[in-house]
Amino acid sequence: MEEWLHQLFNWLPDGGVYLGAIAVIALLESLVAFGVVVPGSTLIVFAGFLSLHGKEDIYAIIIVSMFGAFWGDFISYWLGARFGPSITNSKLMRRQKKVVRNAEIFFTEHGGKSVFFGRFIGPIRGFVPFIAGCAQMRPRAFIAYGIVSAILWGLAYPGLGYVAGVSWQNVQRWSGRFAYLILAALIITVLFSILRKRFR
């Protein structure tokens, strides 16, 4: 093990405290406004990388990542449904006006699918569930999209760090490729929706 990894392992907590911290990171990254400042995806990928080198079980990391991601989305959705106008007009949200507007456009164009794809788009990740709540998206539909996206996100990001974790540089390279893959999937989905509407 490299010296810097050994020192980092000594500094980080173990067991439930460590796994709980990962869950909180995933939650905060999915939380409206907080996701802009918390580099959750990078930290979760890094947790997968550390797991390959002996820091906790990868399956436990995947599970707590899924858990945190879903509840972060759900809390954002609930805040939008319950306190949408007052939060949108708050001083904190006015500073993020452009991001909020982009999330609104994304949700308007893609509806329920935006909850799924929004999870993989960094700047608007925490805002899309909030906008879904403001728009009074049906809870059952939101939960369905939210569960699927949280499961895939929880598998993909720690898994990426684990599978590509020979070196951190290798992880960063594969993270970029994964981002392009998500973008391609989004473009294909949008094109399919447009074609389906035209045929109808």
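**Figure 1. Surroundings of S51 in the predicted model.** At 7% relative accessibility, S51 is classed as buried in this predicted model. The residue belongs to helix α3. Its side chain reaches the backbone oxygen of E56 at a distance of 2.9 Å. With neighbours within four places in sequence set aside, the contacts of S51 are E56, D57, I58, I61 and Y162.

**Figure 2. E56, a residue with positive phi between α3 and α4.** E56 sits in the loop that joins α3 and α4. Its phi is near 70 degrees, a positive value in a residue that is not glycine. Most residues other than glycine have a negative phi. E56 is partly exposed, its relative accessibility being 25%. The backbone oxygen of E56 is the atom reached by the side chain of S51, at 2.9 Å.

**Figure 3. The salt bridge between D14 and K55.** The count of salt bridges in the model is one. D14 and K55 form a salt bridge in which the closest N and O atoms are 2.5 Å apart. The pair links distant parts of the chain, with D14 in the loop between α1 and α2, K55 in the loop between α3 and α4, and the two positions 41 residues apart in sequence numbering. D14 counts as exposed, with 53% relative accessibility, whereas K55 is buried at a relative accessible area of 3%.

**Figure 4. The largest nonpolar core.** The largest nonpolar core holds 45 residues, and among these Y18, L50 and M137 touch the most other members. At least two residues of this core come from each of α1 (3-11), α2 (15-30), α3 (40-52), α4 (58-88), α6 (97-110), α7 (113-118), α8 (127-134) and α9 (139-163). For the whole protein chain of 200 residues, 46% count as buried.

**Figure 5. Contacts of M137.** M137 is one of the core residues that touch the most other members. When neighbours within four places in sequence are left aside, M137 is in contact with Y77, F107, G112, V115, A132, F142 and Y145.

**Figure 6. Q136 in the loop between α8 and α9.** Q136 occupies the loop between helices α8 and α9. Although not a glycine, Q136 has a positive phi of about 60 degrees. The residue is exposed, with a relative accessibility of 53%.

**Figure 7. A103 and its partners.** A103 is part of helix α6 and is buried, at a relative accessible area of 0%. Not counting residues up to four places away in sequence, A103 touches I124, F127, V128 and I131. For A103 and I131, the separation is 28 residues in sequence and 7.0 Å in space, taken from C-alpha to C-alpha.

**Figure 8. S76, a buried serine in α4.** S76 lies in helix α4. Its relative accessibility is 0%, so S76 counts as buried. Outside the four nearest places in sequence on either side, S76 is in contact with S30, L31, V32, G126, P129 and F130.

**Figure 9. A nonpolar patch on the surface.** The patch is formed by I143, I147, V148, I151, L152 and L155, which together have about 440 Å² of accessible area. I151, one of these residues, lies in helix α9. With a relative accessible area of 37%, I151 is partly exposed. The accessible surface of the protein chain as a whole comes to about 11,100 Å², and 67% of it belongs to carbon and sulfur atoms.

**Figure 10. Overview of the chain.** The protein chain contains ten helices and zero strands, and its elements from the N terminus on run α-α-α-α-α-α-α-α-α-α. Taking contacts between residues at least 6 apart in sequence, 77% join residues at least 24 apart. The pair A103 and I131, 28 residues apart in sequence, appears in Figure 7.

How values were computed: Residues are numbered from 1 along each chain as its sequence is written. This is a predicted model: local features need pLDDT of at least 70, side-chain atom pairs count only at pLDDT 80 or more; totals for chains, interfaces and linings use all residues. Side-chain values use heavy atoms; hydrogens and water are left out. A nonpolar core is a set of buried Ala, Val, Leu, Ile, Met, Phe, Trp, Tyr and Cys residues joined through side-chain atoms within 4.5 Å. Buried means under 20% relative accessible area, exposed over 50%, partly exposed in between (1.4 Å probe, protein chains only). Helices (H or I, at least four residues) and strands (E, at least two) are DSSP runs, numbered from the N terminus. Contact means heavy atoms within 4.5 Å. Patches are made of residues with over 30% relative accessible area and no salt bridge: like charges are joined within 9 Å, nonpolar side chains (Val, Leu, Ile, Met, Phe, Trp, Tyr) within 5 Å. Accessible areas come from the Shrake-Rupley method with a 1.4 Å probe; for residues, only the protein chains shown count as cover. A salt bridge is a side-chain nitrogen of Lys or Arg within 4 Å of a carboxyl oxygen of Asp or Glu. A polar contact is a pair of N or O atoms within 3.5 Å; within protein, one must be able to donate a hydrogen and the other to accept it, and residues adjacent in sequence count only if both atoms are side-chain atoms.
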